[in-house]
Every structure is written in structure tokens, then in C-alpha cells.
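Student: I've got a model to look at and no idea where to begin. Can we walk through it together?
Tutor: Sure, let's pull it up.

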Amino acid sequence: MRAHLRTQHYSIRTEQVYVDWARRFILFHGKRHPQEMGSAEVAAFLSYLAVERQVSASTQNQAKAALLYLYKRVLDSDLPWLDEVVQAKRPQRLPVVLTPSEVRELLLHMEGTTGLVAQLLYGTGMRLMEALRLRVKDVEFSRREIVVREGKGNKDRVTVLPENLLAPLRAQLEKARVLHEKDLAAGLGRVYLPHALAVKYADADRSWAWQWVFPSQVRALDPRPDARTGTAIERRHHIYPESVQRAVREATRLARIDKPVSPHVLRHSFATHLLQAGYDIRTVQELLGHADVSTTMIYTHVLNKGGRGILSPLDAL
């Protein structure tokens with residue numbers, strides 16, 4: 001299954017999640033082979049997730065997608081019951097949005113690399129993984145813009161580079177350069193390149209332009225083999241997303257913000273505050289990378305002061 005996912009160029013995170021769901025499914029049914037099971041076993045597993053584990057609809061649908069991939073694509077099982085597996089109905093939720101003062105308080109309680117990442121999320125509207133996967137070559141200081149490569153849906157887009165982040169980002173790149181030169185001196189410094197670019201362009205993975213803007217402080221073995229030799233290789237990856245998530249949770253507690261805040265909330269706040277400032281919704285759509293403007297329209301829910309812009313009868317008494 002892992003080999004098939006890599007052949008189809010799925011992301012490493014999708015690969016990890018799909019393989020994990022297939023493993024859980026097999027263990028749930030006493031390590032029986034999936035070819036020996038059918039719709040009853042799949043339905044029982046999904047029911048267990050919904051009833052006993054009480055997972056969300058999106059998690060249940062993720063598990064279903066992984067199992068359908070296992071049966072349809074890996075095992076090549078063209079079975080009629082596959083299309084009858086229940087799809088959990090996802091509820092319509094409004095995004096959590098912080099006020100400008102809450103964002104200011106949150107960012108004041110963050111520092112270091114995670115603090116810079118949080119400022120970048122709010123200042124550009126990028127998703128967390130888009131920010132962490134940012135490469136040196138994609139930061140355009142002179143044009144005041146950032147090129148987001150292979151975002152959601154494998155699409156590229158351009159977003160704004162805030163004036164207030166020019167100096168902090170330059171300082172971060174200097175720290176990243178020191179780490180890179182240290183790795184090169186140790187005979188390492190090969191960053192992961194997508195789509196076998198490391199084979200096509202010799203030594204491109206050693207070049208400064210392809211390095212991560214936010215490299216990890218430690219090196220580790222890449223779960224994917226080297227594109228040229230096929231052997232395991234030690235690399236310096238970008239920082240863990242969990243590091244930023246923990247820092248945001250701690251800053252939320254220190255700032256005494258009584259809302260469920262995650263790094264993605266900063267993206268929601270970016271879009272909402274731009275609309276409040278009078279920017280065109282199509283511009284916001286392009287900055288966020290939404291395929292359909294209806295997705296961006298959800299942020300207009302806060303534009304009407306007082307719910308729907310009405311005066312409550314209680315206020316008229």
C-alpha cells in the first residue's frame with residue numbers, strides 16, 4: 001500500500017495516515033487479511049469509530065477513504081459494496097476567528113521560531129504545513145511576496161509578504177544558512193526534493209536555494225530512500241508542526257483567550273480581517289488558494305455587526 005501511494009505521488013502525510021488506518025482495520029478484525037473481509041467488516045469498523053470512539057465525521061470519512069483506497073487501488077477489488085459504504089455527514093461549522101486585539105495578545109506571548117511562524121500564518125494566510133515547507137527560493141523580498149508551492153490540491157499560488165516580517169525573516173535565513181553550512185562541512189546538507197529533482201539536477205539538493213526556511217535543529221533519517229542511491233539518507237527536515245501547535249496553545253493560555261485556538265485559526269483571522277478592511281473577496285480567495293469563492297464566502301459571517309446586522313428588540317426597549 002505504501003509503495004502504491006508513492007507511485008501515485010501522494011504526500012508523505014497522506015501515506016502515513018492511510019497506512020495507519022489500514023493497520024488499525026486489520027488489527028481490529030484480529031489480523032485477518034483484507035481480501036478475506038468485505039462490507040460487513042468495513043461497516044463494523046466504521047461503526048466502532050463512530051459509536052465507541054466517537055470520532056468526528058471528518059475522521060470517519062478519512063478512515064473510509066483509506067479503506068476504499070486499500071480495496072479499490074491496492075487490492076484491485078471491484079466489488080459493488082464498496083460504493084455502498086456509509087459516508088458520514090459533515091456538519092457545517094463557522095470558523096473560529098480572533099479579533100485584532102486577541103491576535104496581538106497571542107503573538108506577544110510567542111517568541112523564537114514558532115513565534116515567527118505564527119506571525120507568518122496571520123500575515124500571509126498560509127496553512128501551517130505550507131509555511132513549514134517554505135523554501136529559501138520562494139521568499140521574494142524585493143517583490144514583497146511569497147510563492148506557495150504545492151499547496152492544498154497540489155496548486156501553486158502567490159501571497160503577500162508583510163513589511164513587518166522582512167527583517168525577522170532575513171534573520172531566520174541567516175540562522176538557517178549557518179545550519180546548512182554546518183551540514184555541508186559534515187558531508188551532509190542534502191534536503192528532500194520532490195519528483196526526483198535530485199536525480200535530474202545534480203547537487204540541487206545541496207544548494208542554498210532549496211533549503212527549508214525553518215529547518216529543524218536536529219537531523220534524522222528520511223523515511224523515503226534517496227532518489228539516486230535508493231538507500232536511507234540522513235537529512236535536516238523542517239521543524240515539526242506539533243512544535244508550533246504547542247506554542248500556540250500555550251500562548252492562548254497565557255493571553256487568556258477563551259476560544260479554541262490552533263495555528264489554522266490565524267489563517268481564518270487573516271481572511272476575515274482583510275474582508276473587514278474592505279478588500280475584494282476575489283482577492284482574498286486568490287491569497288487563500290480557494291478553488292471556489294463559495295469557500296471564501298464563509299468568512300463574511302462576521303462582517304454584519306450583531307449577528308445578521310439587525311437590532312435586537314431587547315436593545316430597543
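Student: What covers the buried residues of α10?
Tutor: This is a predicted model, to be clear. In it, the cover over the buried residues of α10 includes α2 (12-28), α5 (100-108), α6 (112-124), α7 (128-132) and α11 (263-276).

Student: And which residues of α10 are buried?
Tutor: Pro241, Val244, Ala247, Val248, Ala251 and Thr252. They cover an arc of only 140 degrees around the axis, which puts them on the same side of α10.

Student: Why would residues three or four places apart point the same way?
Tutor: An α-helix has 3.6 residues a turn, so residues at that spacing face the same way.

Student: What span should α10 have, and how far apart are its end C-alpha atoms?
Tutor: Helix α10 has 14 residues, 241-254. At 1.5 Å a residue they should span 20 Å, and the end C-alpha atoms are 20 Å apart, which agrees.

Student: What follows α10?
Tutor: Arg256 does, with a positive phi near 55 degrees.

Student: You listed α6 in that cover. Which of its own residues are buried?
Tutor: Thr114, Gly115, Leu116, Val117, Ala118, Leu120, Leu121, Gly123 and Thr124.

Student: What about the span of α6?
Tutor: Its 13 residues should span 18 Å at 1.5 Å a residue. The end C-alpha atoms of α6 are 18 Å apart, so the two agree. Just after α6, Gly125 has a positive phi of about 80 degrees.

Student: New topic: pockets. What volume does the second largest pocket have?
Tutor: About 350 Å³. The elements giving two or more residues to its lining are α6 and α11.

Student: Which residues line the second largest pocket?
Tutor: Among them are Gln119, Tyr122 and Gly123, along with Phe270, His273 and Leu274. The lining also includes Leu107, Val160, Pro162 and Leu287.

Student: How does anyone find empty space like that?
Tutor: Rolling a probe the size of a water molecule over the atoms shows where empty space is left.

Student: Now α7. Where is Glu130, and is Glu130 buried or exposed?
Tutor: Glu130 sits in helix α7. Its relative accessibility is 9%, so Glu130 counts as buried. The cut-off for buried is under 20%.

Student: Which side chains does Glu130 join by polar contacts?
Tutor: There is a polar contact of 2.7 Å to the side chain of Arg127. Another, of 2.9 Å, joins the side chains of Glu130 and Arg157.

Student: Which residues is Glu130 in contact with, leaving aside neighbours within four places in sequence?
Tutor: Val148, Gly151, Lys152 and Arg157.

Student: Switching again. How many residues does α4 have?
Tutor: Helix α4, residues 57-74, has 18. From first C-alpha to last, α4 reaches 25 Å, close to the 26 Å expected.

Student: Which residues of α4 are buried, and what covers them?
Tutor: The buried ones include Ala57, Ala63, Leu67, Leu70 and Tyr71. Polar residues are in the list too, including Gln60, Asn61 and Lys64. The cover over the buried residues of α4 includes α1 (2-7), α2 and α3 (39-51).

Student: And which residue follows α4?
Tutor: Asp76, with a positive phi near 55 degrees.

Student: Last bit: how many helices and strands are in the chain?
Tutor: There are 13 helices and 5 strands. The chain has 317 residues, and 43% of them are buried. Its C-alpha atoms fill a box of roughly 65 × 65 × 35 Å along the principal axes.

Key. Residues numbered from 1 in each chain as written. Predicted model: local features only at pLDDT ≥ 70, side-chain atom pairs only at ≥ 80, totals over all residues. Heavy atoms only, no water. Helix = DSSP H or I, 4+ residues; strand = E, 2+ residues; numbered from the N terminus. Expected span 1.5 Å × (residues − 1). Buried < 20%, exposed > 50% of the residue type's maximum accessible area, 1.4 Å probe, protein only. Arc of directions from axis to C-beta. Contact = heavy atoms within 4.5 Å. Polar contact = N/O pair within 3.5 Å; in protein donor to acceptor, adjacent residues only side chain to side chain. 1 Å grid on protein atoms, 1.4 Å probe; cavity = no way out; pocket = protein on both sides within 12 Å on 5 of 7 lines; lining within 4 Å. Points joined across faces, edges and corners; volume = space filled by probe spheres on them.
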